[in-house]
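Here are some questions a newcomer might ask while looking over a structure, each with an answer that goes back to the rule behind the word. Take a look first, then read on.

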Protein chains: 2
Amino acid sequence: MLPKQKKPTMPELAKLAGVDVSTVSRALNDSPVVKTETKERIRKIAEETGYVMNVSARNLRKQSSEAIGIVIPLRPESGQGISDPFFLEMVGAVSSAASKRGYDLIVHLPEGEQTIAEKRLLQTGRADGLIVIGQAGLSERLNRLGDIINKVVVWGGSEKNESYTLVGSDNKAGGYAVGAHLLSLGKRRILFIGSLALPEVKLRYNGLLEAYNTVNLTHPSDLVLELDFGGQEAHDRVARLIEDGCKFDAIFASSDVLAIAALHAVQAKGLSVPGDVAMVGYDNIGQSGMIMPPLTTVDQNIKLGGEIMVNLLLRKLAGEEVSSQLTPTSLVVRETTVARVGRARI
Amino acid sequence: MLPKQKKPTMPELAKLAGVDVSTVSRALNDSPVVKTETKERIRKIAEETGYVMNVSARNLRKQSSEAIGIVIPLRPESGQGISDPFFLEMVGAVSSAASKRGYDLIVHLPEGEQTIAEKRLLQTGRADGLIVIGQAGLSERLNRLGDIINKVVVWGGSEKNESYTLVGSDNKAGGYAVGAHLLSLGKRRILFIGSLALPEVKLRYNGLLEAYNTVNLTHPSDLVLELDFGGQEAHDRVARLIEDGCKFDAIFASSDVLAIAALHAVQAKGLSVPGDVAMVGYDNIGQSGMIMPPLTTVDQNIKLGGEIMVNLLLRKLAGEEVSSQLTPTSLVVRETTVARVGRARI
DNA sequence: TATCAAAACCCAATCGATTGCAATTTTTGT
DNA sequence: ACAAAAATTGCAATCGATTGGGTTTTGATA
């Protein structure tokens, strides 16, 4: 590390290069009106002096921040806690997609019920746009974003006709694939676990119902276990169901975290998996392949999803008109095969 | 959402209030030199017009950004993948601690081997300081941070005498607690799983050794399973160990993710847990309580850790002299009791 | 060599807030 | 009631970069 007294600024580079700061600015921004050799001379000086541009100054002048915010509105009351690996993977995917385009990522994990204070991120000019992960109980609020609607992209499941730009995996196709898979294995009483209040989950459930329909069966309506508090609750309530004599030959959990919790409840009750009860999750988190037995699950292709969201957001910010988009999901059947399913537009 | 034409600026507020912008600025910053009623009048106007300050402008002038960066240098080659819930919990803890003090959090997940390009976050003025999570293979690099060393706080395990400010849970005490617990259960052949190249892990291992010493025993040197590739590898190698006839009556994994992987390998081999093999993890991630049997583990109190790191960082930024700090860990013995262990300074 | 367009560069205003210092008003002391 | 001290507020420079428009150079043409 060289001594490096202080960070040089553009005026200083200008002095060194014997040109005006405007020329330095244009040179560093590769403007075509600067002579090539001048550019190179200036760049070399910038290089040597270790010049780095002050982003606050640029942002102030250009009225933009080259940063996007990511908001993860975890419902504290919901069990979909922060420990669900799904979220970090999503942050990772978005972060990498953003930095690939030279954007920084500002994370915001709202606490409590705050209004969508995330809007501040935009209004203060800290972020140019916002990515919201999951509609978790605020889909109505999202529909009232008002003037910032064209700076926001949401990850989630499509409801009727949301007014905001939505990106999500094809939850219905995913649910259908799971249902078809289980039905083809001869399973008939599939217990669905999840919070139907969440659009993503509701769609997965609908996919399951459709799978039943396709083979002229109907899903037993008593086999839905609505949850609000995540893993621990899933574990306990599945155990209670079994104690109460509820019979099912498969479980379709709306997340791997729930599936793993349910899995252990089932095993604890002396039932075998997948013999007595087949088990399918959703998300394909790292651990789903490491547990015993390995979990069949649905991969949402988060990496791609993050990429698309950033893409769409930047295009929106550029004034382009964009439409919501679905990403493909794939059923990951452990130990056997992988089937790819639907892709479509919403 | 009101029509809200455009965002008002300070000069506009000044005009409305009939004062100079300097007065507005002071009023909004609660300067004591502004008369109270003037302050209130200005604030009311700001409120009504929905004024929000442009941070770029403030940052430019004040030469600060009110934001800190968090860097999570995952070693791609290491299995400690991004899916480890530990990291998100850490991001959450830091994010909440930061926002409590009005700071934003910029996440940076470096890809590949990049130099510590995160320095750019500082040099460009985007972030005032940096929090680095885990030394993952770059502890030497961290020791050469140079001029930015007083803007960085690292989470990890203490080596000999690192030059940077370090915050971490008391890994040695954690390891000791685990060892003491297992030994008190009569276990003697404890298999340690983890990558000793990571200071945190090394310290946990040392704690285990110390526990053995305390009861005048020594840890069988063949019972160390060094890993580089995380869960899947842990699963496979534990299985292989068993096949190869390696005998052990307990496993101490350096993370819950590894423990869960090992757990299933053990169970798959027909061994009972904790009857044949006791199993202890580290981190107390959400799932550790939901698996079967529930995992005894060590809680690092990440929430507190995040809080302390932000605290220390801000104090460093304020020019204060701070020293590294350990946070307490607690052994979480599932189904039984919870024992709190050590706290100290490094 | 004079003329003119194109190329390259410089000037100066601007983005929105902060802050030392000067100017003004209010309060206090006598 | 008047000067001095204290409390408020205004002026203007400043942070570091961008950019429209004007000026100087270059070089080609006649």
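Q: How do the residues of the surface near DNA strand D divide into nonpolar, polar and charged?
A: They divide into ten nonpolar, ten polar and eight charged. Here Ala, Val, Leu, Ile, Met, Phe, Trp, Tyr, Cys and Pro count as nonpolar, Asp, Glu, Lys and Arg as charged, and the others, Gly among them, as polar. A word on the ground rules: this is a predicted model, where local features need pLDDT of at least 70, side-chain atom pairs count only at pLDDT 80 or more, and totals for chains, interfaces and linings use all residues. Residues are numbered from 1 along each chain as its sequence is written, chains are lettered from A and ligands numbered from 1 in the order in which they are written, and side-chain values use heavy atoms, with hydrogens and water left out.

Q: Which residues come nearest among those around DNA strand D?
A: There are 28 residues around DNA strand D, and Met10(A), Ser25(A), Tyr51(A), Arg61(A) and Arg26(B) come nearest. To be near, a residue must have a heavy atom within 4 Å of the strand. On the DNA side, sugar and phosphate account for 59% of the strand D atoms that come within 4 Å of the protein.

Q: What makes the pairing of Arg61(B) with DNA strand D a polar contact?
A: An N or O atom in the side chain of Arg61(B) is 2.8 Å from a base oxygen of the strand. A polar contact is a pair of N or O atoms within 3.5 Å (within protein, one must be able to donate a hydrogen and the other to accept it, and residues adjacent in sequence count only if both atoms are side-chain atoms), so this pair fits. Gln63(B) has a side-chain N or O atom 3.1 Å from a phosphate oxygen of DNA strand D, and a polar backbone atom of Ala57(A) is 3.3 Å from a base nitrogen of DNA strand D.

Q: Which elements give two or more residues to the surface near DNA strand D?
A: In chain A they are helix H1 (10–17), helix H2 (21–28) and helix H4 (55–62), and in chain B helix H2 (21–28) and helix H4 (55–62). Helices (H or I, at least four residues) and strands (E, at least two) are DSSP runs, numbered from the N terminus.

Q: Why is Leu225(B) called buried?
A: Its relative accessible area is 4%. Buried means under 20%, exposed over 50%, and partly exposed in between (1.4 Å probe, protein chains only), so Leu225(B) is buried. Leu225(B) lies in strand S7 (residues 224–226) of chain B.

Q: What does Leu225(B) touch?
A: Leaving out residues up to four places away in sequence, Leu225(B) touches Leu191(B), Phe192(B), Ile193(B), Gly194(B), Arg237(B), Val238(B) and Leu241(B). Touching, or contact, means heavy atoms within 4.5 Å. Phe192(B) is 33 residues from Leu225(B) in sequence, with 6.0 Å between their C-alpha atoms.

Q: How many residues does each chain bring to the contact, and what is the area buried between chain A and chain B?
A: Chain A gives 60 residues and chain B gives 60 residues. The buried area is about 5,000 Å², with carbon and sulfur atoms giving 58%. That is the accessible area (1.4 Å probe) that two parts lose on being put together, summed over both.

Q: What makes the link between Arg126(A) and Asp104(B) a salt bridge?
A: The N to O distance between their side chains is 2.2 Å. The rule asks for a side-chain nitrogen of Lys or Arg within 4 Å of a carboxyl oxygen of Asp or Glu, so the pair passes. The count between chain A and chain B is two salt bridges.

Q: Are the partners Glu307(A) and Lys100(A) buried or exposed?
A: Glu307(A) is buried, because its relative accessible area is 19%, while Lys100(A), at 55%, is exposed. These two form a salt bridge, with the closest N and O atoms 3.6 Å apart. The pair links distant parts of the chain, 207 residues apart: Glu307(A) sits in helix H12 (residues 302–317) and Lys100(A) in helix H5, both of chain A.

Q: Why does Lys172(A) count as partly exposed?
A: Lys172(A) has 35% relative accessibility, so it falls in the partly exposed group. Its salt-bridge partner Glu210(A), with N and O atoms 3.0 Å apart at the closest, is partly exposed too, at 34%.
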